[in-house]
Protein chains: 2
Amino acid sequence: MDRGLLYGVGVGPGDSELITLKAVRILKEVDIIAVPKSKYESNSTAFDIVKDYIENKKIIELIFPMSFDKEELYKSWQVSADIVMKSLDLGKNIAFITLGDPTIYSTFMYLNKIIVSSGYKTIIIPGITSFCACAAETGINLGENNDSIIIIPSASDIGDLEKKLDSFQTVILMKFRKNFEEIKKFLKAKDLIKNTVIVEKCTMTDQKVYRDIENLNKDKLEYFSTMIINKRMV
Amino acid sequence: MDRGLLYGVGVGPGDSELITLKAVRILKEVDIIAVPKSKYESNSTAFDIVKDYIENKKIIELIFPMSFDKEELYKSWQVSADIVMKSLDLGKNIAFITLGDPTIYSTFMYLNKIIVSSGYKTIIIPGITSFCACAAETGINLGENNDSIIIIPSASDIGDLEKKLDSFQTVILMKFRKNFEEIKKFLKAKDLIKNTVIVEKCTMTDQKVYRDIENLNKDKLEYFSTMIINKRMV
């Protein structure tokens, strides 16, 4: 029997219309949808996006704990990879759904690395990134002419943010909540508060846009928050 | 009569399936499709992507010359804005199609600025960026964990590329052809040639992937080329 194929499918930022025709076709064609979760009891935003396109499809849930313990993380990837490879060996095609795009800070690529190095074939379907959706919703031009753009993830040390703010036209901070007060201090010192927008749960039904971040409290922010600092914008 | 709406619609990198459901719906609903071109006689890749979705729809071509002359550019944006606003005044809804995403180095945003500041309402529909498509096609993880990603456009001075290469995990160079020999020299000096991939016309029928860029000649490269330098990749 031929081995199955694993697809890493980007399902976009939240609005279920912001998924590509290709992603929908793949989701309908495969045998199994793999849904990543941090715990069994938690909801999956990626699943909510695609649920209307995959009626009666077999679902497997894969657990990727929110942890900074490398050993625990690696073990969870290996457990998920084993589950996936077992189905691939049976000739089943699997679509692993992932919020945004699979190559931008997605758990899929950890799984992909293990699966590919075990000799299986995988295909990645790109998705709309959250930062492009945030820019679209707020009318911000992320890059024009000779602007460079920098994308900084939540796990990044923001100690050198000041240096980065000096050298780039646009700075995108993803899931920045834990560093919010420190970032705000920087922005105030650089007089960039007015050039900053925060979008929370972009394109989801409960999206929020904050343009006055000076008076915004960290505790009000959700996990899925993106900050755009654009020097040209006022 | 109510004024029409202007949509800036990202149509993705080239594959006509890599467009969102939302973009296709908007293209079918509007009265007019606006197609940007550099000259009347040139082809439009964005139009090729959407042509099967917009049969019998009224088309207007807008000319944005490839020029570094700011006055000529500004004049062309104003001429296009006037054409668009005339139709909006007649209550027509217009979709301006743009390759990739409208907020990433797209001509749409110049037009958008004029139209918005003239009091019209516009809506931006995000698209799949060329760099996400390139990463998907080549299996490269653009960002994981605490990696920062930088995006450098064709018009950018690459004089400080060396400094940027030192501080970032992933560097994306868009439409870099004119600086190719200089970039190659940098990459050789930094021993990063093996960490570099070039994708030309990504997801189009004549896509090419170059993994051995040391022996690649500038004259072989097309305009729509993207380079990804990823330090983790080998």
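Glu61(A) counts as partly exposed, at 33% relative accessibility, where buried means under 20% relative accessible area, exposed over 50% and partly exposed in between (1.4 Å probe, protein chains only). The side chain of Glu61(A) meets that of Lys37(A) in a salt bridge of 2.9 Å, N to O; the term stands for a side-chain nitrogen of Lys or Arg within 4 Å of a carboxyl oxygen of Asp or Glu. This pair links distant parts of the chain, 24 residues apart, with Lys37(A) in strand β2 (residues 32-37) and Glu61(A) in strand β3 (residues 58-63) of chain A. Lys37(A) is buried, with a relative accessible area of 13%.

This is a predicted model, in which local features need pLDDT of at least 70 and side-chain atom pairs count only at pLDDT 80 or more, while totals for chains, interfaces and linings use all residues. Residues are numbered from 1 along each chain as its sequence is written, chains are lettered from A and ligands numbered from 1 in the order in which they are written, and side-chain values use heavy atoms, with hydrogens and water left out.

Over all chains the count comes to 22 salt bridges. Three within chain A are listed here.

| Lys | Acid | N to O distance |
|---|---|---|
| Lys37(A) | Glu61(A) | 2.9 Å |
| Lys194(A) | Asp191(A) | 3.7 Å |
| Lys201(A) | Asp206(A) | 3.0 Å |

Lys194(A) is partly exposed at 45%, and its partner Asp191(A) is exposed at 52%. Lys201(A) is buried at 19%, whereas Asp206(A) is partly exposed at 39%.

Between chain A and chain B, 48 residues of each are in contact, meaning heavy atoms within 4.5 Å. The two chains bury about 4100 Å² between them, 61% of it on carbon and sulfur atoms; buried area is the accessible area (1.4 Å probe) that two parts lose on being put together, summed over both. Glu17(A), Leu21(A) and Thr103(A) supply 15% of the area that chain A buries against chain B, more than any other three residues.

Four salt bridges are counted between chain A and chain B. One of them joins Arg25(A) to Glu17(B) at 2.6 Å, N to O. Glu17(A), Arg25(B) and Glu29(B) are linked in a salt-bridge network.

Strand β6(A) and strand β6 (residues 149-152) of chain B run antiparallel and are joined by three bridges; strands are DSSP runs (E, at least two residues), numbered from the N terminus, and two of them pair if DSSP finds at least two bridges between them. Ile151(A) stands opposite Ile149(B) in β6(B).

Conventions. Helix = DSSP H or I, 4+ residues; strand = E, 2+ residues; numbered from the N terminus.
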